[in-house]
Amino acid sequence: MKDIVKRLLQGDRRALARMVTLIENELPQAHTYLAELHQHSGKAHIVGVTGSPGAGKSTLVTRMVRELRQQDRKVGIIAVDPSSPFSGGAILGDRIRMMELAGDPNVFIRSMASRGHLGGLSTATRDVVRAMDAAGYDPIIIETVGTGQAEVEIMRTAQTVLVTIAPGMGDDIQAIKAGILEIADIFVVSKADKPGADQTAAELTMLLSLDPNRRQSAWRIPVIKTSSLKEQGIPELISAIQKHHGYLKESGMLTQRAQRQIHSEIQNLILQSVAKTLQAAVGEEEWNTLIENVTNRESDPYSVAAALQERIGLQHPIP
């Protein structure tokens, strides 16, 4: 453990795997190590792949990594799977679907459970990205849970966001919804060998042409049709991803996105600290009593929140 940071910076896969485990288990030394790694990160291109369940995200990522390996790129993959609301466990099926990549020493795959975290990501995702970045993986691809509109969290972590849509799944209607439409840097119509792919691509192109914000932007969002079965469109997709990264650098947007993401990360770290402080201050028995009092209308949530806030030393009043 003493030289885990040094070994990770040298590209040691076992050190990286150990670091990710520390991060996921929320052990105190993880943040100490991550603080050391921070100055060695910030080099990787972070690509987010999101979209509805069944849109073919995992298969698409596998094909993308194949293409990137032909370019001799060292690729990191974070695949986030949903956790059970009952047991808290996750199947981590993405690792099964990406099994063909597991033997490549220049591909590092980590499946993570969302652990109930909204937004399509695990709370540890950003820390794992930092560790992979410091270990020399570039690009790093994040595949989200696949829960629809809630997945806008990916834009707070990734630099280039791919929204994957499959024809015939109602995803064309989903794309109209503002959250998903606004986070996309590239639209991917997957399973393009199926009927309706051309129509889905045409509808997306029309929707984008109607968006006044998009018309004013220098980046024209491409709509790329891919077929993992027939292995079509993958080189074009990788080219579009790389062009978007170049656009971000040239326009200064890369720095702006990084600053926005860091702002979000610091806020989240503070909120996590507040939540842990509150958990330590209020035992389960007291929580049950407070909840029962509010339920029975003997108290109200605003008074309870204000009292707890005062107890843990927060200054700002409850709105």
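A crossing of two helices is called left-handed if the near helix is turned anticlockwise from the far one by less than a right angle. In this predicted model, helix α2 passes helix α3 in just such a left-handed crossing. The two helices, α2 at residues 13-24 and α3 at residues 28-37, pack at an angle of about 125°, and their axes lie 8 Å apart. That angle makes α2 oblique to α3. On the α2 side, the contact is made by M19, L22 and I23, while α3 brings in Q29, A30, Y33, L34 and L37. Sorted by type, the residues of this contact come out as 7 nonpolar and 1 polar, with no charged ones.

Further along the chain, H245 sits in helix α11. Is H245 buried or exposed? Its relative accessibility is 13%, and because buried means under 20%, H245 counts as buried. Leaving aside residues up to four places away in sequence, H245 touches H45, Q159, T160 and L254.

As for how far to trust the picture, the chain averages a pLDDT of 82, with 81% of the residues scoring at least 70. Helix α11 (residues 234-251) is where confidence is highest, at a mean of 95, whereas helix α7 (residues 171-176) is where confidence is lowest, at 51. Over residues 83-91 the pLDDT drops below 50, and the model gives this stretch 12 contacts beyond near neighbours in sequence. Residues 116-120 also stay under 50, and here the model has 13 contacts beyond four places in sequence.

Terms used:
Residues numbered from 1 in each chain as written. Predicted model: local features only at pLDDT ≥ 70, side-chain atom pairs only at ≥ 80, totals over all residues. Heavy atoms only, no water. Axes fitted to C-alpha atoms, helices over the stretch in contact; angles between N-to-C directions. Helix = DSSP H or I, 4+ residues; strand = E, 2+ residues; numbered from the N terminus. Parallel < 35°, antiparallel > 145°, perpendicular 65-115°, else oblique. Contact = heavy atoms within 4.5 Å. Nonpolar A, V, L, I, M, F, W, Y, C, P; charged D, E, K, R; others polar. pLDDT = per-residue confidence, 0-100. Buried < 20%, exposed > 50% of the residue type's maximum accessible area, 1.4 Å probe, protein only.
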